[in-house]
Amino acid sequence: MSTQSSRRSFIGYAAAGFSTLAVSRLARAQVATEPPPRALQVENAVVEPVSVEVNARAIPNFEPRDRTRTRFGSLEYRSGLVLTSPYRGFGGLSGIRLDAKGEGFLAVSDQGGWFTGRIRYSGGKMAGLDDVEAAPLLGAEGRPITEKRLWWDSESIAREGDVVYVGLERVNQILRYDFSKGGTRARGEVVPVPAGIRKLPFNKGLEALVVVPKGKDRNMLLAGTLIAFSERGLDADGNLTAFLIGGPTPGQFSVRRTEKYDISDAVLLPSDELLILERKFSWFTGVNIRIRSIPLKSIAPGALVDGPALFAADLGHEVDNMEGIDAHVTSEGETVLTLISDDNFSMLQRTLLLQFTLVE
């Protein structure tokens, strides 16, 4: 059965009640938040550098129910792609970072793999991916990290110039890569982390990383800081824990948790606004995603930060298990957000690449 047929059936279910196809679609949503067994994860690991063929199908409308609608909260839909590949290791994309033009990309798979390439545009809309290559994340000894127990779950990525950080969720470790020493062939060095990170819950740990560039923070209190967010590590009040690593003011802070959303990624805008991508799942609503804006200046050790939601979507829209977000500014001055989904290497899920313009 085609994805479009399944989507139409789900929308019908939402209006008229349960159906077999609706249960299938909700099962897809459950897979999106409940990772498959470890054996399947290791099975799809990238084991050596290789060129990858990636096929792309356009998503003309973000909301199939209303094809005239382009505005969603503070975002305006630009374009989207459904990505597929005959390469077995393609998928599980949990984080993405783009170059200043929004063309070159570096993505990380939760199977311990790098993916690099270029987004091809036509008339300002994404048309496909070119020059895609995959390579394994290497440890300090030059071997793939997947050879270590549980070290394959690479869920988050941050980049400042040639320095790239990758967060490993299940072991709650952070690796630092110097891309000036071989690009994706560089070896990762373990970054010392606060004790609180090592205590995060299994499979709900490190999920998002952001680097505050030196000279970026106007008050210089966070310049050079690596900010690490947990997916669902909770403080005593039930809020989401996050950590400031390095920089002038290291420590721990919290992000107010509302409506049972968990953090899946984050990005820092040139305006010093931190955007947090969140998601949740229930059998009543399926998958829901949300983007919140938090002022960078509100973040400090011991702080509880919060901010308004700019965007929200559910299975009535073209979403899946959205796990990655990044931003770039076009030559016209528009701020473009790019979102990518983790398909968990499941036939029931999709790898989606979506772009929106931040309009306010």
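In strand β4, the residue that forms a bridge with Ala58 is Leu81, and this pair is a convenient place to enter what is a predicted model. The bridge belongs to a set of four that join strand β2, residues 55-58, to β4, with the two strands running antiparallel. Strands of a sheet pair through backbone hydrogen bonds, either parallel or antiparallel.

Strand β4 has further partners. Strand β3, residues 71-72, is joined to β4 by two bridges, again in the antiparallel sense, and one of the residues involved is Arg71, whose bridge partner in β4 is Glu76. The strands β3 and β4 form a hairpin with two residues between them, and in that turn Gly73 has a positive phi of about 65°. Strand β4 also pairs with β24 over eight bridges, antiparallel once more, and within this pairing Ser79 has Gln355 of β24 as its bridge partner. How many of the 10 residues of β4 are buried? Seven of them are, so β4 is largely enclosed by the rest of the structure.

From this strand one can step back to the chain as a whole, which has four helices and 24 strands. Of its 360 residues, 56% count as buried. Among contacts between residues at least 6 apart in sequence, 57% join residues that are at least 24 apart.

The interior comes next. In soluble globular proteins, nonpolar side chains tend to be buried together. Here the largest nonpolar core has 27 residues, and those with the most contacts inside it are Phe62, Ile291, Phe311, Leu337, Leu339 and Leu354. Several strands each supply at least two residues of this core, among them β4 (75-84), β19 (286-295), β21 (309-314) and β23 (335-341). Which strand gives the largest share of this core? That share, four residues, comes from β24. Phe62 shows how such a residue is surrounded, for when residues up to four places away in sequence are not counted, Phe62 touches Phe72, Tyr77, Phe311, Ala313, His317, Glu318, Val319, Leu354 and Phe356. A second, separate core has 21 residues, including Leu222, Val255, Ile294 and Ile299.

The model also has enclosed empty spaces, and two cavities of 30 Å³ or more are counted. The second largest cavity holds about 70 Å³ of space. Its lining is made by Leu83, Phe90, Leu93, Ile96, Phe105, Ala107, Phe115, Ile119, Leu129, Val132, Ile340 and Leu353, which divide into 12 nonpolar residues, no polar ones and no charged ones. The strands β5 (93-98), β6 (104-109), β7 (113-122) and β8 (125-136) each supply at least two residues of this lining.

Another part of the chain shows how strands are arranged side by side. An open sheet of five strands has the order β13-β14-β15-β16-β20, with mixed pairing. The strands β13 (206-211) and β20 (304-305) stand at the edges with a single partner strand each, so one side of each is left without a neighbour in the sheet. Within this order, strand β15, residues 240-245, is joined by five bridges to strand β16, residues 251-255, and the two run antiparallel. One of the residues in this pairing is Ala242, whose bridge partner in β16 is Phe253.

Two single residues complete the tour. Gln173 lies in strand β11, which covers residues 173-178. Is Gln173 buried or exposed? Its relative accessible area is 10%, and because buried means under 20%, Gln173 is buried. Leaving aside residues up to four places away in sequence, Gln173 touches Trp151, Val166, Gly167, Leu168, Val190, Arg198 and Leu206.

Asp343, by contrast with a residue in a strand, is found in the loop between β23 and β24. Asp343 is buried, with a relative accessible area of 10%. Again without residues up to four places away in sequence, Asp343 touches Gly91, Gly92, Gln349, Arg350 and Thr351. Asp343 and Asn321 are 22 residues apart in sequence, while their C-alpha atoms are 6.7 Å apart in space.

Definitions and conventions: Residues are numbered from 1 along each chain as its sequence is written. This is a predicted model: local features need pLDDT of at least 70, side-chain atom pairs count only at pLDDT 80 or more; totals for chains, interfaces and linings use all residues. Side-chain values use heavy atoms; hydrogens and water are left out. Buried means under 20% relative accessible area, exposed over 50%, partly exposed in between (1.4 Å probe, protein chains only). Contact means heavy atoms within 4.5 Å. Two strands pair if DSSP finds at least two bridges between them. A nonpolar core is a set of buried Ala, Val, Leu, Ile, Met, Phe, Trp, Tyr and Cys residues joined through side-chain atoms within 4.5 Å. On a 1 Å grid over the protein atoms alone, a cavity is a set of points where a 1.4 Å probe fits but cannot get out, and a pocket is an open set with protein on both sides within 12 Å along at least five of seven lines; lining residues have an atom within 4 Å of a point. Grid points are joined across faces, edges and corners, and a volume is the space filled by probe spheres set on the points. Ala, Val, Leu, Ile, Met, Phe, Trp, Tyr, Cys and Pro count as nonpolar, Asp, Glu, Lys and Arg as charged, and the others, Gly among them, as polar.
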